[in-house]
Every structure is written in structure tokens, then in C-alpha cells.
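Colleague: Please choose a single part of this model and take me through it closely, from the atoms outwards. I would like the cut-off behind each term as you use it.

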Amino acid sequence: MTPGDAARRLAELVLRSERTVALTGAGISVPSGIPDFRSPGTGLWERVDPMEIAHIDVFRRDPERFWAFYGQRFQTLNDKRPNRGHELLARLEGSGLLQAVITQNIDDLHRRAGTQELVEVHGTIAHSSCLRCGASYPLQEVRARQAADGRRVPRCDCREPLKPDVVLFGEYLPARALERAVQLAEQADLMLCIGTSLEVYPVAELPLRTLAAGGQLAIITRSPTPLDGRAASRLDGDVVDELDALWADVQATRYSPAGSG
Ligand code: ZN
């Protein structure tokens with residue numbers, strides 16, 4: 001099978017499926033200039049042990065230290081833009097070919113690309129909230145408050161330090177997002193696993209739910225995954241190139257007068 005055949009086969013799976021869900025990991029944001037922190041040598045976390053600082057206990061005990069680190073993260077992510085991979089998933093959704101995107105990324109790029117049905121299982125940097133009064137603030141407001149604070153800790157109107165709505169080490173995953181992700185996985189005829197090595201919970205488990213319920217998997221990522229042998233389609237080229245080819249084949253098949261496929 002040539003790479004072209006593999007992309008066409010995936011297009012057929014997508015067109016035949018009534019409920020397709022995408023599951024995305026760090027690999028889809030790499031072309032936006034956001035390094036996969038698990039890749040050796042390129043890591044976001046190289047000079048700091050995230051387990052030590054991006055931890056709920058540090059946030060509670062020493063918000064100044066926590067925010068000295070997290071403010072840098074916000075700064076790093078602030079200028080990033082969605083790439084063509086994010087955009088193509090939004091287009092597939094707009095064409096009625098994709099039901100939802102489940103992501104472990106916290107970078108907010110799927111939403112900014114226009115994805116409507118988005119489940120963020122590790123939370124998002126898009127807002128921060130107050131653990132005391134529950135108030136929520138958008139990212140730009142949080143950054144403004146951090147810059148204005150003498151100790152560089154963004155604070156709620158009630159003066160409590162704000163916490164980014166991302167899942168920190170030591171925290172549970174957001175229950176509602178997780179429930180929705182499981183529901184989508186179990187109802188999917190086809191799950192597109194994109195840019196994830198399927199090693200970290202919960203993305204490691206969701207494709208198994210799809211398989212157990214009788215659905216199929218397509219895996220688009222460069223690195224090997226534990227589920228490669230169970231995938232109906234396995235593409236290992238550049239994520240954006242593969243999605244581009246998928247989009248082109250979907251268009252060609254859908255609108256071809258012969259109605260092939
Ligand atoms: Zn508050």
C-alpha cells in the first residue's frame with residue numbers, strides 16, 4: 001500500500017462512519033511551535049521539574065513560586081497560533097464528518113481554530129479561577145493582574161490567588177470532561193488518534209473503550225503506540241501532511257460524480 005492508498009483508505013473510513021471523534025495530543029501542536037514536553041532535548045520542562053512546581057501543593061503553599069513558573073508558561077503559549085492540523089479538524093466538524101475533539105492539550109488552539117465540540121481532559125489555559133469564591137477570569141485578565149501584582153501573583157477580586165484551570169500534578173482530572181470523553185469514545189464508530197503516543201491516562205484508555213464498543217481506530221502519529229496493531233488505519237507521516245491528504249481525499253470522494261467509495 002502506498003502512502004496515497006493509506007490516506008484514501010482513511011478517507012473511506014471517515015466517510016462511512018456516522019460518529020467520528022478525534023483524540024489529540026501534543027503532536028498536533030508541535031507545528032504551532034509548542035514542543036512536546038515528552039520529547040527528549042526539546043522539552044518545555046527541561047530546566048525545571050514540573051512535578052515539583054506545577055503541583056497543587058506548591059500552588060497552595062507558595063503561590064509566588066508557582067506563578068513565577070506558570071507565568072512563563074503563559075508567556076510561552078501566548079503568541080502561538082492554531083496550525084493547519086487544528087484548522088482541518090474544525091473543517092471536518094463543520095462538514096458534519098467529525099462529532100467532537102477530545103484533547104489532552106491545554107493550549108486552547110483547537111477552540112481558537114473553530115472547533116465547537118471540544119473536550120479538554122487536562123483543562124485549559126484559557127481561564128483561571130478562584131478556589132475560594134469560584135470567580136473565573138480569562139487569560140488576558142489573569143496576565144494583566146499578574147503584571148500588576150507586587151509579588152506577580154494574579155489575584156481574584158477577593159484577593160485570593162487565582163489558579164489556572166489546567167490539571168496540575170496532584171489534582172484529579174475534571175470529572176465532567178472525563179465523563180463526556182468516555183461517552184464520546186464509547187459511541188464512536190471511528191476514533192482518530194492524532195499526535196499522541198497513547199501512553200498517558202486518559203488518552204491511553206479512551207481508544208480501548210471505542211474498540212470494546214465495536215468501533216474502529218485510525219492512528220496518525222509519528223511515534224509507535226501500543227495500539228498500532230489494532231488500528232484499522234495507521235499513518236506515520238507528518239501530522240499536518242496526513243490531515244491535508246485526508247481532507248483532499250474526503251473532498252475528492254465526496255464530490256466525485258462517480259460516487260466512488
Ligand atoms: Zn475569589
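Modeller: Helices (H or I, at least four residues) and strands (E, at least two) are DSSP runs numbered from the N terminus. The model is predicted, so local features need pLDDT of at least 70 and side-chain atom pairs pLDDT 80 or more, while totals for chains, interfaces and linings use all residues. Residues are numbered from 1 along each chain as its sequence is written, and side-chain values use heavy atoms, without hydrogens and water.

The part I have chosen is the zinc site together with the strands and loops that carry it. The zinc ion is held by four sulfur atoms, the SG atoms of Cys130, Cys133, Cys156 and Cys158, at 2.3 Å; a donor here is an N, O or S atom within 2.8 Å of the metal (3.2 Å for Na, K and Ca). The angles among these 4 donor atoms run from 101 to 127°, and the site is accordingly classed as tetrahedral, a label given to four donors if all angles lie between 85 and 135 degrees. Along the chain the donors of the zinc ion are spaced as C-x2-C-x22-C-x1-C.

The long stretch in that spacing appears again in the pair Cys133 and Cys156, which are 23 residues apart and link distant parts of the chain. Cys133 sits in the loop between strand S4 (123–130) and strand S5 (136–138), whereas Cys156 sits in the loop between helix H7 (139–148) and strand S6 (162–166). These two ligands also differ in their cover: Cys156 has a relative accessible area of 2% and is therefore buried, while Cys133, at 47%, counts as partly exposed (buried is under 20%, exposed over 50%, partly exposed in between, with a 1.4 Å probe and protein chains only).

Strand S4 ends at residue 130, so that Cys130, a zinc ligand, can be followed into the pairing of the strands. S4 itself is mostly covered, since 7 of its 8 residues are buried. Its pairing with S6 is antiparallel and extends over 4 bridges, where pairing requires at least two DSSP bridges between the strands, and in S6 the bridge partner of Cys130 is Leu162. S4 also pairs with S5 in the antiparallel sense, over 3 bridges, and here Ser129 has Ser136 as its bridge partner. S4 and S5 form a hairpin with 5 residues between them, and within the turn Gly134 has a positive phi of about 85°. The partly exposed Cys133 belongs to the loop between S4 and S5.

On the far side of the sequence gap, the loop between H7 and S6 contains Arg159 as well as Cys156. Arg159 is not a glycine, yet its phi is positive, near 80°. With a relative accessibility of 52%, Arg159 counts as exposed, in contrast to the 2% of Cys156. Outside this part, Asp108 offers a useful parallel: its phi is near 70°, likewise positive in a residue other than glycine, and it lies in the loop between strand S2 and helix H6 (109–113). Asp108, however, is buried, at 9% relative accessible area.

Taken together, the zinc ion joins Cys133 in the S4–S5 loop to Cys156 in the H7–S6 loop, while S4 runs antiparallel to S6 and to S5.

Methods. Tetrahedral: all angles 85-135°; square planar, octahedral: opposite > 155°, others 65-115°.
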